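Work through the exercises below with the sequence and the model open. Each task is followed by a solution in steps.

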Amino acid sequence: MTVTPTGYLARELGVDTLFLAGPFLQLLDPATGEMPDETRTPFATLIEHFEEHGLSVHNAHRREAWGADLMQPAECTRLDQEEIKKADVFVALPGYPASPGTHIEMGWASAFEKPIVLLLEEGQEYAFLVRGLHSVATVEYVVYRDLPTALPAIDEAIRRAVARRREASDRR
């Protein structure tokens with residue numbers, strides 16, 4: 001296995017920031033109000049991976065202490081939209097059942113013409129608009145069974161999405 005040097009992906013692609021989206025409120029434990037370890041782990045794994053690659057990661061789950069410090073709707077909505085607009089890349093776990101908030105964020109990323117990578121768990125059914133988003137936006141899909149094993153494929157999808165978005169911008 002090849003070890004990638006710290007910060008490699010950010011330097012290679014010339015990108016600095018990534019917005020990581022995914023289900024949140026539906027994953028909170030009603031008894032504690034926080035995300036249990038099993039639902040927190042995929043996000044923590046991705047955040048750590050992207051930060052090791054030199055990317056500054058914006059993620060509501062971590063920002064709101066995994067549910068322990070939830071923001072008010074108007075505040076988190078404004079902040080998420082601003083961070084998506086500033087991000088160089090957008091990565092999302094759309095959720096199943098579908099996460100309404102994540103789907104709105106995917107719409108913002110599409111409208112802001114961000115390179116998008118959608119992580120779809122193998123064997124799950126996703127909304128038609130998720131599966132068809134590539135027809136109106138720069139989207140790469142990664143279908144995975146085990147998220148840590150899929151990290152190299154996710155990196156490749158980011159490379160392709162960033163390159164395709166740049167090519168589209170250059171043609172204008």
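## Exercise 1: Fold and overall dimensions

Read along the sequence, the elements of the chain follow the order α-β-α-β-α-α-β-α-β-α-β-α. The model is predicted.

Task: count the helices and strands, then decide whether the radius of gyration agrees with that of a compact globule.

Solution.
1. The chain has 7 helices and 5 strands.
2. For 172 residues, a compact globule would have a radius of gyration near 16 Å. The chain has 15 Å, which agrees.
3. The C-alpha trace spans about 50 × 35 × 30 Å along its principal axes.

## Exercise 2: Burial, contacts and surface

Task: state what percentage of the residues is buried, and what percentage of the contacts with a separation of 6 or more joins residues 24 or more positions apart.

Solution.
1. A residue counts as buried under 20% relative accessible area. Of the 172 residues in the chain, 45% are buried.
2. Among contacts with a separation of 6 or more, 66% are between residues 24 or more positions apart.
3. The accessible surface comes to about 9,200 Å². Carbon and sulfur atoms account for 54% of that surface.

## Exercise 3: The largest pocket

Task: give the space in the largest pocket, then describe its lining by position, element and residue class.

Solution.
1. The largest pocket holds about 470 Å³ of space. Its lining consists of 25 residues, and F24, L25, C76, D80 and G101 are the closest to the centre.
2. Four elements each supply at least two lining residues: β1 (17–21), α3 (60–63), α4 (73–86) and α5 (100–111).
3. Helix α5 provides the largest share, with 6 residues.
4. Sorted by class, the lining has 14 nonpolar, 7 polar and 4 charged residues.

## Exercise 4: The surroundings of L147

Task: locate L147, decide whether it is buried or exposed, and list its contacts beyond four places in sequence.

Solution.
1. L147 belongs to helix α7, which covers residues 147–170.
2. The relative accessibility of L147 is 8%, so L147 counts as buried.
3. With neighbours within four places in sequence set aside, L147 is in contact with P42, L46, L119 and I154.
4. As a distance check, take L147 and M35, which are 112 residues apart along the chain. Their C-alpha atoms are separated by 18 Å.

## Exercise 5: Backbone geometry in the loops

Task: find where the cis peptide bond from Y96 to P97 lies, and place the non-glycine residues A65 and E113, which have positive phi.

Solution.
1. The bond from Y96 to P97 is cis, with omega near -5 degrees. P97 sits in the loop between β3 (89–92) and α5.
2. A65 has a positive phi of about 50 degrees, although it is not a glycine. The loop between α3 and α4 contains A65.
3. With 31% relative accessibility, A65 counts as partly exposed.
4. E113, also not a glycine, has a positive phi of about 60 degrees. E113 is in the loop between α5 and β4 (116–121).
5. The relative accessible area of E113 is 37%, so E113 is partly exposed.

Notes. Residues are numbered from 1 along each chain as its sequence is written. This is a predicted model: local features need pLDDT of at least 70, side-chain atom pairs count only at pLDDT 80 or more; totals for chains, interfaces and linings use all residues. Side-chain values use heavy atoms; hydrogens and water are left out. On a 1 Å grid over the protein atoms alone, a cavity is a set of points where a 1.4 Å probe fits but cannot get out, and a pocket is an open set with protein on both sides within 12 Å along at least five of seven lines; lining residues have an atom within 4 Å of a point. Grid points are joined across faces, edges and corners, and a volume is the space filled by probe spheres set on the points. Ala, Val, Leu, Ile, Met, Phe, Trp, Tyr, Cys and Pro count as nonpolar, Asp, Glu, Lys and Arg as charged, and the others, Gly among them, as polar. The radius of gyration is taken over C-alpha atoms; the globule rule is 2.2 Å times the number of residues to the power 0.38. Buried means under 20% relative accessible area, exposed over 50%, partly exposed in between (1.4 Å probe, protein chains only). Contact means heavy atoms within 4.5 Å. Accessible areas come from the Shrake-Rupley method with a 1.4 Å probe; for residues, only the protein chains shown count as cover.
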